Amino acid sequence: MQLLKDRIRRDGKIKAGNVLKVDSFLNHQMDIELFQEIGREFRRRFADAEVNKILTIEASGIGIACVAAESFHVPVVFAKKTQTKNIAGEVYTTKVESFTHGRVYDIIVSKEFLGRGDKVLLIDDFLANGKALEGLAQLVGDSGAELVGAGIVIEKGFQAGGERIRSLGIRLESLAIVESMDEKTGTIVFRGDES
Ligand code: 5GP
């Protein structure tokens, strides 16, 4: 998606530890007109999928999932991160290792909001090592719902997540795939670019 790649090149900041900061339009301040374009692009790519629910993970996936959901005309469910132990029974739960915070946490979705008959699209802002998406896919599987695919705004193609998710047979659509980024020069190369 050219509009998105141009924006990443213009406003993205490359930080140590393979982190791309896009706080000015995606992760802190949010450019809702760009979000709408992104939402429409996800809708176009999954037009055949009969999505009836979008699932994301708090916190940074929620904004983009909500705007995308307007294009699909479906509700959004977000998996909550929790430390509560006494929750078995009413929720689906799994563990996720955080890329940005380097620790493991539990995520939960109430059984009330996910189940057999649902056709679920996963949406998230970033794909790095794939742990967040794998956790969400696990919850969908546990619930008996059908996973129709995953839509990612920015995939870091030099990390393992994309390959891992595709090898699990999950239909993955990433709107910008960063092939490499150089902290010193600020250069970002996207998959599909000539340069
Ligand atoms: P994964 O589970 O694929 O390793 O990491 C995905 C999650 O980590 C995303 O939900 C996102 O919030 C965060 N994340 C991973 N890499 C980056 C990055 O380079 N920049 C930002 N802003 N967030 C990232």
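Which way, left-handed or right-handed, do helices α3 and α4 cross? Keep that in mind for the first view. This is a predicted model, where local features need pLDDT of at least 70 and side-chain atom pairs count only at pLDDT 80 or more, while totals for chains, interfaces and linings use all residues. Residues are numbered from 1 along each chain as its sequence is written, and side-chain values use heavy atoms, with hydrogens and water left out.

**View 1. Helix α3 packs on helix α4.** Two packed helices are described by the angle between their axes and the distance between the axes. Here α3 (residues 32-45) and α4 (residues 62-72) meet at about 55°, and their axes are 8 Å apart. (Axes are lines fitted to C-alpha atoms, for helices over the stretch in contact, and angles run from 0 to 180 degrees between N-to-C directions. Helices are DSSP runs of H or I with at least four residues, strands are runs of E with at least two, and both are numbered from the N terminus.) That angle makes α3 oblique to α4, oblique being what is left once you take out under 35 degrees (roughly parallel), over 145 (roughly antiparallel) and 65 to 115 (roughly perpendicular). And the crossing is right-handed: the near helix is turned clockwise from the far one by less than a right angle, whereas anticlockwise would be left-handed. On the α3 side, the contact (heavy atoms within 4.5 Å) includes Phe35, Ile38 and Phe42; on the α4 side, Ile64, Val67 and Phe72 are among the residues taking part.

**View 2. Helix α1 crosses helix α3.** The axes of α1 (residues 2-11) and α3 come within 10 Å and cross at roughly 140°. That makes α1 oblique to α3. This crossing is left-handed. Look for Leu3, Leu4 and Arg7 in α1, which meet Leu34, Glu37 and Ile38 in α3.

**View 3. Polar atoms lie beside the ligand.** A backbone N or O atom of leucine 20 sits 2.7 Å from a ligand nitrogen. Another pair joins a ligand nitrogen and a side-chain N or O atom of asparagine 27, at 3.0 Å. On alanine 132, a polar backbone atom is 2.8 Å from a ligand oxygen.

**View 4. Two loops hold backbone oddities.** Most residues other than glycine have a negative phi, and most peptide bonds are trans. Glutamate 50, in the loop between α3 and β3, has a positive phi near 50°. Glutamate 58 and alanine 59 are joined by a cis peptide bond, with omega about 0°. You'll find alanine 59 in the loop between β3 (53-57) and α4.

Methods
Polar contact = N/O pair within 3.5 Å; in protein donor to acceptor, adjacent residues only side chain to side chain.
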